[in-house]
Amino acid sequence: MDSKKKNLQFVGISALIGVLTGIVISVFRILIEKGLDYSVKGYLLIKQQPNWLWLMIPLFIGLGIIVGLLMKGNPNIRGSGIPQVEAQLAGNLEMNWFSVLWRKFISGVLTDGTGVFMGREGPSIQLGGAVGQGIAQGFKQHGSDRRLLITTGAAAGLSATFSAPLAGTFFVMEGIHRNFQPTVWLSALTGAVTSNFVSFNVFGLTPILPIFYNRVLPPLAYWQLIPFGLIIGLLGYVYNKGLLDFPLWYAKIRIVPWYFYCLIPILLVIPIGVFFPETLGGGSKLIMLASTHNYPLQLLIFYLVLRIGFGLISYGAGIPGGFFMPILAAGALIGAVYGTGMQQLGLLNAVYLNNFIVFGMAGYFTAVSKEPFTSIILITELVGSTHNFMSLAIVVLIAYLSSDWLGSQPIYQALAERLTRVKRYLDSKEPTDIAKMPVYEYSPVAHEFVKNVKWPGNSILITIKRGNLTIIPKGKTKIKPGDVLYVLVHKNNIGYLYEKMKELTMSN
């Protein structure tokens with residue numbers, strides 16, 4: 001099929017995925033918000049009449065048992081779901097899309113509705129990916145085309161839950177594919193825009209976090225961004241390491257099956273909900289409170305420790321929930337603590353406190369996820385303002401470099417590799433598949449002749465796309481930066497060979 005016709009075809013399918021994902025995620029958001037409202041009323045009732053605690057405890061135990069049994073039935077719904085989507089797109093994992101869709105939906109509503117410190121964003125991405133996989137199955141799409149539709153669903157899921165189509169698109173390109181192939185961004189953007197259209201017809205056009213920070217930080221205050229970025233990078237490294245370590249600590253618990261670990265945070269959230277209801281959920285409410293109230297420094301520090309500590313406890317248990325918004329909440333509190341401290345020392349005007357709250361969200365997300373462009377775009381869309389872009393970018397850069405120097409890993413990639421470290425094969429119906437690899441400048445194959453490249457075993461370079469040119473490679477064909485290599489691989493080795501090909505085509 002002509003490339004233009006194929007692009008048009010995928011735009012149409014991507015729009016369908018976006019609409020369906022927008023509907024699924026909108027219902028998902030509504031049910032979680034309703035569930036959290038009921039939980040907060042329950043916590044308030046316990047505070048007024050403690051005897052109600054004896055009704056809440058068995059109710060939450062029942063919820064935890066249901067969620068645990070859902071996870072036992074399909075372990076791929078554990079956690080945020082983003083590592084599973086990444087592993088699936090890398091060819092290292094296969095999932096039953098319908099099982100993931102209904103199990104993740106129900107378990108996400110039940111757990112997030114209790115107020116545990118988890119967000120709806122990761123599950124929304126996995127739900128969108130499941131929708132994309134289902135559509136691909138319906139249209140009998142396989143291989144690269146199938147993965148493209150799963151990618152589109154993932155972008156649409158993030159877009160719908162955050163009302164952030166550009167962030168959804170950038171996330172799948174920077175965080176999952178780690179390249180900017182035209183076909184990927186075209187389909188992902190189409191799905192993200194159409195899902196956002198559904199979302200804002202349900203929830204309106206108001207940004208998720210309408211923080212007022214239109215005052216531009218003066219250049220004379222830019223020196224503050226350096227220590228702030230370093231602090232963000234250090235604490236981001238701590239959170240990054242915690243996300244990787246806490247599941248391992250839970251695994252040492254032998255008396256409880258892994259699928260019932262979720263009972264621990266579901267029960268621990270009850271006292272938190274009774275005494276600190278403003279901290280519940282993903283953290284968006286707490287972010288807005290911090291940006292509109294003059295909280296004492298000691299209380300802000302307490303909130304920060306609580307959000308980071310119980311957030312890691314919640315995620316480590318494998319609860320079907322994400323840590324997008326919890327990361328942003330912790331970053332906002334770091335900004336509030338820093339800004340309030342500097343204000344009390346007479347080194348910062350109080351009118352710039354919200355600036356550091358916003359900078360903290362972008363910097364902390366970058367330090368934990370190692371996705372700077374997604375962070376900048378995401379915060380811009382969440383807040384609904386492009387003010388202070390320069391100072392925000394400086395914090396992001398410093399946070400990235402400092403966390404990278406400390407050894408922070410791209411969190412979703414690290415979790416995906418852990419998820420599939422003992423699984424190298426793709427359970428596919430196809431005997432062969434095609435891996436598409438863009439060639440980067442300074443990569444080992446750039447400017448090399450095809451015959452001089454040591455290609456991985458069980459792989460054949462079949463085509464080189466160079467702009468509008470399609471080249472059938474020969475031994476003396478020179479590979480150039482910007483080329484896209486089409487490599488035929490055996491289905492059982494696609495995940496392994498994809499990693500080997502990346503070593504050849506990515507920059508050193």
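Let me start with Lys-241 and Asp-245, whose side chains meet in a salt bridge at 3.3 Å, N to O, and I should say at once that this is a predicted model. Both residues sit in helix H9, which covers residues 225–250, and they are four residues apart, about one turn of the helix. The two partners differ in how they are classed: Lys-241 is partly exposed, with a relative accessible area of 40%, whereas Asp-245, at 17% relative accessibility, counts as buried. As background, side chains of opposite charge can pair when their charged atoms come close.

How many salt bridges does the count come to? It comes to three, and I will take the remaining pairs in turn.

In one of them, the side chains of Asp-404 and Lys-370 meet at 2.8 Å, N to O. This pair links distant parts of the chain, since Asp-404 belongs to helix H16 (residues 389–406) while Lys-370 lies in the loop between helix H14 (353–369) and helix H15 (372–383), with 34 residues separating the two. Asp-404 counts as partly exposed at 39% relative accessibility, and Lys-370 counts as buried at 10%.

Then there is the salt bridge between the side chains of Glu-94 and Arg-146, at 2.4 Å, N to O. Here too the pair links distant parts of the chain: Glu-94 is in the loop between helix H3 (82–89) and helix H4 (97–112), Arg-146 is in helix H6 (residues 143–162), and they are 52 residues apart. Glu-94 is partly exposed, with a relative accessible area of 21%, and Arg-146, at 18% relative accessibility, counts as buried because the cut-off for that class is under 20%.

Let me turn now from the charged pairs to the nonpolar interior. Which residues of the largest nonpolar core touch the most other members? That core has 131 residues, and the ones in question are Phe-324, Leu-328 and Met-361. The element that gives the most to this core is helix H13, residues 324–344, with 13 residues.

Phe-324 deserves a closer look on your screens. Leaving aside its neighbours within four places in sequence, Phe-324 is in contact with Ile-82, Glu-121, Ile-125, Leu-158, Phe-162, Phe-171, Phe-365, Leu-378 and Tyr-412. Apart from the largest core lies another core, one of 18 residues, and its members include Ala-435, Met-437, Val-445 and Ile-471.

How values were computed: Residues are numbered from 1 along each chain as its sequence is written. This is a predicted model: local features need pLDDT of at least 70, side-chain atom pairs count only at pLDDT 80 or more; totals for chains, interfaces and linings use all residues. Side-chain values use heavy atoms; hydrogens and water are left out. A nonpolar core is a set of buried Ala, Val, Leu, Ile, Met, Phe, Trp, Tyr and Cys residues joined through side-chain atoms within 4.5 Å. Buried means under 20% relative accessible area, exposed over 50%, partly exposed in between (1.4 Å probe, protein chains only). Contact means heavy atoms within 4.5 Å. A salt bridge is a side-chain nitrogen of Lys or Arg within 4 Å of a carboxyl oxygen of Asp or Glu.
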